[in-house]
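Trainee: I've got a new structure open and I'm not sure how to read it. Could you walk me through it?

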There are 2 protein chains.
Amino acid sequence: MNKHAPVPTITTGPLPASRKVHHPGRIHPDLQVPMREIDLHPSAMEPPVTVYDPSGPYTDPDAAIDIAQGLPRLREGWAEARGDVERYAGRVVKPEDNGFATGERLTPAFPRQYRPLRATGGRAVTQMAYARAGIITPEMEFVAIRENLGRRAAKEQLLRDGHDWGAAIPDHVTPEFVRAEVASGRAIIPANINHPEIEPMIIGRNFLVKINANIGNSAVTSSMEEEVEKLVWANRWGADTVMDLSTGRNIHNIRDWIIRNSPVPIGTVPIYQALEKVGGVAEDLSWEVFRDTLVEQAEQGVDYFTIHAGVRLPYIPLTANRVTGIVSRGGSIMAKWCLHHHRESFLYEHFDEICDIMRAYDVSFSLGDGLRPGSIADANDAAQFAELETLGELTQIAWQKDCQVMIEGPGHVPMHKIKENMDKQLATCEGAPFYTLGPLTTDIAPGYDHITSAIGAAMIGWFGTAMLCYVTPKEHLGLPDRDDVKTGVITYKIAAHAADLAKGHPAAKIRDDALSRARFEFRWEDQFNLSLDPDTARSFHDQTLPKEAHKLAHFCSMCGPKFCSMKISHDIRAEARAQQGMEEMAQKYRAGGDLYMPADAAGDD
Amino acid sequence: MNKHAPVPTITTGPLPASRKVHHPGRIHPDLQVPMREIDLHPSAMEPPVTVYDPSGPYTDPDAAIDIAQGLPRLREGWAEARGDVERYAGRVVKPEDNGFATGERLTPAFPRQYRPLRATGGRAVTQMAYARAGIITPEMEFVAIRENLGRRAAKEQLLRDGHDWGAAIPDHVTPEFVRAEVASGRAIIPANINHPEIEPMIIGRNFLVKINANIGNSAVTSSMEEEVEKLVWANRWGADTVMDLSTGRNIHNIRDWIIRNSPVPIGTVPIYQALEKVGGVAEDLSWEVFRDTLVEQAEQGVDYFTIHAGVRLPYIPLTANRVTGIVSRGGSIMAKWCLHHHRESFLYEHFDEICDIMRAYDVSFSLGDGLRPGSIADANDAAQFAELETLGELTQIAWQKDCQVMIEGPGHVPMHKIKENMDKQLATCEGAPFYTLGPLTTDIAPGYDHITSAIGAAMIGWFGTAMLCYVTPKEHLGLPDRDDVKTGVITYKIAAHAADLAKGHPAAKIRDDALSRARFEFRWEDQFNLSLDPDTARSFHDQTLPKEAHKLAHFCSMCGPKFCSMKISHDIRAEARAQQGMEEMAQKYRAGGDLYMPADAAGDD
């Protein structure tokens with residue numbers, strides 16, 4: 001850490017017109033499930049709109065934030081109450097864990113160190129194990145309440161509008177439904193027993209589509225405040241999980257700062273740190289170094305690991321004629337190791353032992369797509385699908401061990417191949433959640449790959465992908481800055497929400513309708529406040545009509561009062577209702593009458 | 001015009017590494033069909049990549065640009081050569097045409113005024129009329145050459161990859177194919193005989209997907225240079241047509257400046273100007289004012305008119321229970337007129353006479369969707385589809401008069417209703433080209449509606465929409481500035497190209513593959529130059545790795561040399577090829593052999 005660098009502040013405080021509320025549980029009454037309520041103008045005469053809120057205590061004005069303390073440990077005791085875990089001394093931090101950084105260059109250790117928990121007697125302490133045993137954990141009830149966005153069960157069947165491609169989204173999510181989904185493997189709750197700070201969330205095709213943002217230290221001087229702020233910033237705009245893709249020095253200590261301050265599950269790619277430990281030489285990697293890294297990160301509380309165990313030696317030749325070869329970092333590292341040693345991947349060979357570590361801490365698998373296509377030309381090719389078949393086999397092995405599993409997907413896929421990719425994943429992995437990067441639907445727009453990929457992400461989310469990994473405008477070109485992270489997150493919230501709408505999620509349309517009513521009624525403030533990015537919406541409006549009075553104006557900033565269609569539309573509605581009992585006539589018309597044809601116009605064409 | 005305002009310069013000059021080339025015709029050897037060739041680095045050992053180029057002479061360093069002269073009149077004489085047109089005095093410009101602007105407030109008339117052409121003897125001088133008569137016009141051959149992007153006919157069937165949902169995209173576009181498509185009504189070539197400056201282009205499901213950008217004077221002080229620059233700027237980034245949606249004063253004179261300087265077809269919504277002429281009072285509109293406006297604009301050279309003739313009196317009650325009523329300006333103006341007079345729309349009643357004007361100048365119809373949904377809640381509703389049925393009827397009438405027709409579409413449509421909308425349009429309008437605004441796939445992201453709508457635009461383009469009207473980030477909030485226009489155009493080029501790829505257009509993938517090869521081979525300059533926005537791609541790269549030397553670096557700016565998967569992938573490829581005759585092994589593997597399983601690893605899992 002460079003002590004001369006300015007200390008970035010952590011962004012706190014609520015979003016405009018927003019209030020954090022907490023809903024209690026029934027089975028577990030102590031639960032405090034967070035949601036955000038957006039208040040509307042009194043003239044709307046509408047209740048607040050409740051939205052999903054992954055931002056954690058940072059947007060709660062009542063919360064005291066001190067990143068050296070970490071977040072409250074909400075789940076403290078939940079794992080222990082289940083009686084199958086123990087606290088133990090844990091692995092000793094080694095100099096190579098932080099890339100041998102010392103002195104000023106060493107990011108300080110997080111001030112509070114906890115003895116880690118792990119399963120006793122080789123047990124599986126995973127949500128899947130409990131689900132299969134018929135136990136509804138607090139985590140399960142938590143996510144059930146969270147997914148309903150504060151809605152109570154409807155007495156009757158809701159009017160549903162969507163096409164879910166065979167998913168089975170319930171009208172109302174019950175804790176039992178969550179349990180059954182987790183037991184079947186169709187959903188996961190990434191929640192390491194050593195990450196009690198998280199507000200549990202669920203990833204599965206029958207739930208709201210989630211998004212992930214990637215962060216990572218960009219330089220040796222990156223401070224822990226910077227990294228925590230990246231996390232907080234991504235969550236503020238809607239990231240449901242965050243992957244820490246840090247490389248280089250201080251990787252262990254920075255991860256500790258991130259986890260202790262994260263209200264969302266944290267994912268990592270352990271092979272990155274393992275490679276650092278062997279000086280960056282892929283062929284020097286070994287199962288022992290990798291296993292040690294898994295334990296190190298599991299003890300810290302990482303909630304899911306990307307593991308590229310599907311990159312098998314026999315598949316590497318399938319990449320030989322590709323336009324862009326192997327574009328996954330983890331995949332290329334493993335491919336290099338395999339080729340150099342002319343051996344099968346140690347991740348594949350030791351997959352059973354990896355499962356044993358995962359189940360002892362409830363780290364979820366994110367089975368990496370090391371052979372994903374890096375270009376339109378390589379989409380859905382033999383290498384990609386060969387690996388996917390292996391990921392399907394590994395899913396079965398992990399499930400036998402009660403491990404939670406999701407499957408990573410591409411990448412670059414033209415629109416006409418997206419459905420095929422989704423269907424193949426569902427079939428091969430028997431419904432395990434799909435977690436895709438985009439996909440980008442064309443290669444020709446570097447600088448705009450948040451958009452090329454949002455198209456693919458929205459579609460694959462609709463088809464059944466459970467979580468979408470964001471892509472920022474800097475993809476392929478450089479490191480995302482703060483604005484890029486926000487743009488990436490908002491873009492992916494759009495994709496995920498568009499998917500929820502199209503799937504017919506029963507709560508998704510509430511926000512669209514509230515915003516559209518606000519738009520039609522010229523409640524500008526409500527329109528800003530209900531949007532994914534109120535600050536940008538407001539500033540765009542202000543660029544054209546800056547005055548405060550215009551926020552009350554009954555016309556659009558684009559057209560002015562004379563041409564405003566919405567204003568005319570209101571006039572029409574008022575006029576029609578007054579003149580003619582319009583509603584009644586509309587009904588008659590729908591029944592087939594040609595009510596309005598005036599005598600003098602008939603046949604006058 | 002405010003003479004104290006700074007005179008904006010017109011943006012000229014080629015894009016990076018780009019050269020404008022012209023291809024001659026065979027039937028019409030004098031044709032000069034423009035394309036852009038992007039040169040690659042010599043190390044690529046690849047020919048230049050040819051891309052579609054709607055930017056006109058502005059990107060040609062050999063062209064002298066003087067907006068007071070207007071562009072060269074390429075098509076001068078083409079219409080006259082067909083022997084069925086006459087020059088005549090034309091309508092006299094009236095004070096109300098420019099909103100009664102006088103003195104300093106009056107934008108000067110374009111310096112060169114031409115006597116307009118029109119058909120003689122009530123003839124149809126439309127591309128459709130000639131196509132039906134079996135004539136291949138120069139316009140038809142021009143667009144055939146243009147659509148092929150310089151490719152010659154392949155001797156054998158091309159390897160095609162795509163799913164075209166029943167479209168019939170040929171391997172190679174012949175002039176005869178263009179003629180047949182125009183004759184059938186499945187495609188239009190918007191080309192007013194009074195707009196000889198255009199480089200002809202085609203809009204149809206079996207051709208490259210096109211995009212439109214909207215411009216319009218934003219204030220009374222808007223100068224003609226500003227408006228011409230908006231046009232040039234939109235075309236530079238890829239707009240295939242431009243709609244001039246100006247309101248207020250000087251509307252006539254500014255349109256003249258735009259048309260005389262436009263290499264692309266210009267569309268307008270004549271009801272806007274008609275409304276200005278009656279002081280902004282919708283109920284004071286009349287067929288006479290509207291007809292006069294059509295003739296005025298047809299004589300100037302407008303290539304297509306949006307006409308909301310489907311907003312019929314009986315449909316207005318269908319909008320009563322909508323969340324967002326009527327959101328089309330033209331639609332709401334006509335609805336107000338109909339309700340006020342309790343009469344059928346004069347556009348609907350006089351549609352025959354409108355056709356007679358259109359065919360005398362070859363102005364194409366863009367049948368407006370005045371009842372399009374303005375929110376997710378209103379998508380695909382009774383009002384929208386009732387109007388679409390009427391647009392289908394009107395299409396038949398227009399076709400009987402040999403008028404070219406395209407159909408406008410929404411708007412706001414969730415993903416699961418997009419295909420239904422497209423299919424309904426194709427069926428109802430018997431294949432007339434669909435021209436949609438987006439659609440936006442969610443309402444909750446004002447400030448990002450270029451993205452919410454790019455998702456819908458890419459999908460509907462894939463399903464068969466022929467032209468996509470752009471949406472800028474300022475949609476719903478304010479007036480787009482220069483950056484917004486560029487963002488909107490690039491975003492829509494992405495959507496259109498993603499659609500072309502998915503449809504399996506034979507030339508679309510060439511650019512993706514060239515860019516991906518450049519990426520894999522670390523040809524950074526080629527990667528920038530092949531992208532839709534070279535300037536942004538380069539500047540994003542420079543933010544992370546600014547030095548010139550890094551443009552030659554064999555690693556990515558994101559990960560550095562140690563972690564670069566592409567670098568590792570190259571190493572792998574080299575190593576594998578050297579060691580093992582990798583290609584051969586890959587072939588064997590594909591044939592089923594499990595070549596690489598080493599003895600010591602088998603069963604060792």
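Mentor: Sure. Keep in mind that this is a predicted model. Let's start with an annotation: an unreviewed UniProt entry lists residues 14–86 of chain A as "domain: ThiC-associated".

Trainee: How much helix and strand is there over residues 14–86 of chain A?

Mentor: That stretch is 5% helix and 23% strand, and its end C-alpha atoms lie 38 Å apart.

Trainee: Next, the strands. Which of them make up the closed barrel?

Mentor: Follow the order β8-β9-β10-β11-β12-β13-β14-β15 in chain A: these 8 strands close into a barrel with parallel pairing. On average, neighbouring strands of this sheet are turned by 25° against each other, ignoring direction. For one pair in detail, take β11 (residues 304–307) and β12 (residues 364–367) of chain A, which run parallel and are joined by 4 bridges. Look there for Phe305(A), which stands opposite Phe365(A) in β12(A).

Trainee: Which strands does helix α8 of chain A lie across?

Mentor: Helix α8 (residues 287–300) lies across β10 and β11 of chain A, at about 160° to β11(A). Helix α5 (residues 224–237) of chain A lies across β8, β9 and β10, running at about 160° to β8(A).

Trainee: And how do I describe two helices packed together?

Mentor: You give the angle between their axes and the distance between the axes. Try α12 (residues 382–400) and α13 (residues 418–428) of chain A: their axes come within 9 Å and cross at roughly 30°. Angles under 35 degrees count as roughly parallel, so that's what we call α12(A) and α13(A). The residues in contact include Phe385(A) and Leu388(A) from α12(A), and Lys424(A) and Gln425(A) from α13(A). The crossing of α12(A) past α13(A) is right-handed.

Trainee: What about burial? How many residues of helix α7 of chain A are buried?

Mentor: For α7 (residues 270–277), it's 8 of the 8, so the helix is largely enclosed by the rest of the structure. Among them are Tyr272(A), Glu276(A) and Lys277(A). Just after α7(A), check Gly279(A), which takes a positive phi of about 70°.

Trainee: Which residues of helix α18 of chain A are buried?

Mentor: In α18 (residues 534–544), they're Pro534(A), Thr536(A), Ala537(A), Phe540(A) and His541(A). Here's a general idea to help: an α-helix has 3.6 residues a turn, so residues three or four places apart point the same way. As for their partners, the buried residues of α18(A) pack against α5, α15 and α17 of chain A.

Methods: Residues numbered from 1 in each chain as written. Chains lettered and ligands numbered in written order. Predicted model: local features only at pLDDT ≥ 70, side-chain atom pairs only at ≥ 80, totals over all residues. Heavy atoms only, no water. UniProt positions renumbered as here; feature names shortened; annotations may be inferred. Helix = DSSP H or I, 4+ residues; strand = E, 2+ residues; numbered from the N terminus. Pairing = 2+ DSSP bridges. Axes fitted to C-alpha atoms, helices over the stretch in contact; angles between N-to-C directions. Contact = heavy atoms within 4.5 Å. Buried < 20%, exposed > 50% of the residue type's maximum accessible area, 1.4 Å probe, protein only. Parallel < 35°, antiparallel > 145°, perpendicular 65-115°, else oblique. Left-handed = near helix turned anticlockwise from the far one by under 90°.
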